[in-house]
Amino acid sequence: MIVSPSILSCDFGNVERDTKMLHSSEADWLHIDVMDGVFVPNISFGFPILKSVNKHTDKVLDVHLMIVNPDNYIKEFVDSGADIITVHYEACPHLHRSIQLIKSYGVKAGVALNPHTPVSVLEEVIQDLDLVLIMSVNPGFGGQKFISSSVSKVKKLKTLIQQKNASAIIEVDGGVNLKTGAELSQAGADAIVAGSYVFKSEDPSITISNLKKL
Ligand code: DX5
Ligand code: ZN
């Protein structure tokens with residue numbers, strides 16, 4: 001299992017310390033949640049935090065853009081250290097163009113789906129994607145309850161990927177812990193994001209190691 005802890009739940013007074021902790025843990029990627037207060041009802045952070053995380057790790061930076069008009073900012077996210085950029089299906093009227101734009105900078109392109117969006121909307125672009133992010137909570141906040149229908153959504157996505165002979169990674173984000181993570185692993189998820197479950201645990205490094213074993 002690819003484990004991508006979300007720094008949304010880190011201590012922003014200690015970004016350097018928490019990034020170094022993730023760097024020396026078994027985490028594969030670091031998940032970076034960017035929120036604009038328009039697409040989602042919350043504002044998180046932008047380029048300065050991404051740059052500061054990038055300064056303290058060479059792990060893959062998995063950037064989740066919960067913003068409208070993402071095309072306007074792709075270059076700056078790449079310049080700030082992003083390795084994977086995921087945009088929301090619901091925020092991109094010209095999704096194919098957004099995907100090609102991300103790929104033109106030599107980074108990996110992902111598309112995120114809100115809980116109400118069926119995987120079938122990706123039929124025509126799945127072969128162009130490096131990653132699909134299934135939201136298992138409504139985006140905007142850490143610490144929410146896992147929406148259990150996300151498990152069958154992962155299975156549907158897996159079937160679509162196989163039918164289309166595509167190679168997109170299936171990542172799931174929101175309310176992931178050891179229990180929901182085990183269900184997702186069984187359903188075919190390749191990668192999981194975990195924020196509060198990691199950072200609120202007694203020993204985040206051990207929690208990450210346990211998620212790795214799923
Ligand atoms: C929610 C974010 C998530 C969030 C997950 O909008 O996209 O990445 O950090 O937090 P937990 O793991 O606490 O649900
Ligand atoms: Zn996220």
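Modeller: A polar contact is a pair of N or O atoms within 3.5 Å. The model discussed here is predicted, and the distances below are computed from it.

Colleague: What makes the pair between ligand 1 and G175 a polar contact?

Modeller: An oxygen atom of ligand 1 lies 2.8 Å from a polar backbone atom of G175. The cut-off is 3.5 Å and 2.8 Å is within it, so the pair counts.

Colleague: Which part of G140 is paired with ligand 1, backbone or side chain?

Modeller: The backbone: one of its N or O atoms is 2.7 Å from a ligand oxygen. That distance is within 3.5 Å, and therefore the pair is a polar contact. For D173 the partner of the ligand oxygen is a polar side-chain atom, at 2.7 Å. The same cut-off of 3.5 Å applies to D173, so that pair counts as well.

Colleague: How much of the accessible area of ligand 1 does the protein cover?

Modeller: On its own, ligand 1 has 390 Å² of accessible area, and the protein covers 100% of that.

Colleague: Where does ligand 1 sit, and what makes that wording correct?

Modeller: Ligand 1 is placed in the largest pocket. The wording requires more than half of the ligand atoms to lie within 2 Å of the grid points of the pocket.

Colleague: Which elements give two or more residues to the shell around ligand 1?

Modeller: They are β2 (29–35), β3 (60–66) and β8 (191–194). With 3 residues, β2 provides the largest share.

Colleague: How many residues surround ligand 1, and which come nearest?

Modeller: There are 20, and D33, G140, D173, G195 and S196 come nearest. To be in this group, a residue needs a heavy atom within 4 Å of the ligand.

Colleague: How do the residues of that shell divide by type?

Modeller: There are 8 nonpolar, 10 polar and 2 charged residues. Glycine is counted among the polar ones.

Colleague: Away from the ligand, why is D18 called buried?

Modeller: D18 has a relative accessible area of 8%, and buried means under 20%, so the term applies. D18 belongs to helix α1 (residues 15–24).

Colleague: What makes the pair D18 and R17 a valid polar contact?

Modeller: The contact is 3.0 Å long and joins the two side chains. Residues adjacent in sequence count only if both atoms are side-chain atoms, and that condition is met here.

Colleague: Why is S98 called buried?

Modeller: Its relative accessible area is 4%; the limit is under 20%, so S98 is buried. S98 is part of helix α4 (residues 95–104), and its side chain has a polar contact of 2.8 Å with the side chain of D71.

Colleague: What makes the backbone of N69 worth listing?

Modeller: N69 is not a glycine, yet its phi is positive, about 50°. N69 is located in the loop between β3 and α3 (74–79). At 48% relative accessible area N69 falls between 20% and 50%, and therefore it is partly exposed.

Colleague: Where is N165, and what is its phi?

Modeller: N165 is in the loop between α5 (150–163) and β7 (169–173). Its phi is near 55°, positive in a residue other than glycine.

Colleague: How do you know that N165 counts as exposed?

Modeller: Its relative accessibility is 72%, which is over 50%, so N165 is exposed.

Colleague: Why is N54 called partly exposed?

Modeller: N54 has 33% relative accessibility, between the limits of 20% and 50%, so partly exposed is the term. N54 is in helix α2 (residues 47–55). From N54 to A166 the C-alpha distance is 30 Å, with 112 residues of separation in sequence.

Colleague: What makes P115 partly exposed?

Modeller: The value for P115 is 25%, which lies between 20% and 50%, so it is partly exposed. P115 occurs in the loop between β5 (108–113) and β6 (131–135). Its C-alpha is 7.4 Å from that of I134, and the two are 19 residues apart in sequence.

Colleague: Why is L214 called partly exposed?

Modeller: L214 has a relative accessible area of 24%, and 24% falls between 20% and 50%, so the same term holds. L214 lies in the segment after α8 (204–212). The C-alpha atoms of L214 and T117 are 26 Å apart, for residues separated by 97 along the chain.

Technical notes:
Residues numbered from 1 in each chain as written. Chains lettered and ligands numbered in written order. Predicted model: local features only at pLDDT ≥ 70, side-chain atom pairs only at ≥ 80, totals over all residues. Heavy atoms only, no water. Polar contact = N/O pair within 3.5 Å; in protein donor to acceptor, adjacent residues only side chain to side chain. Areas by Shrake-Rupley, 256 points an atom, 1.4 Å probe, with all protein chains shown as cover. 1 Å grid on protein atoms, 1.4 Å probe; cavity = no way out; pocket = protein on both sides within 12 Å on 5 of 7 lines; lining within 4 Å. Helix = DSSP H or I, 4+ residues; strand = E, 2+ residues; numbered from the N terminus. Buried < 20%, exposed > 50% of the residue type's maximum accessible area, 1.4 Å probe, protein only.
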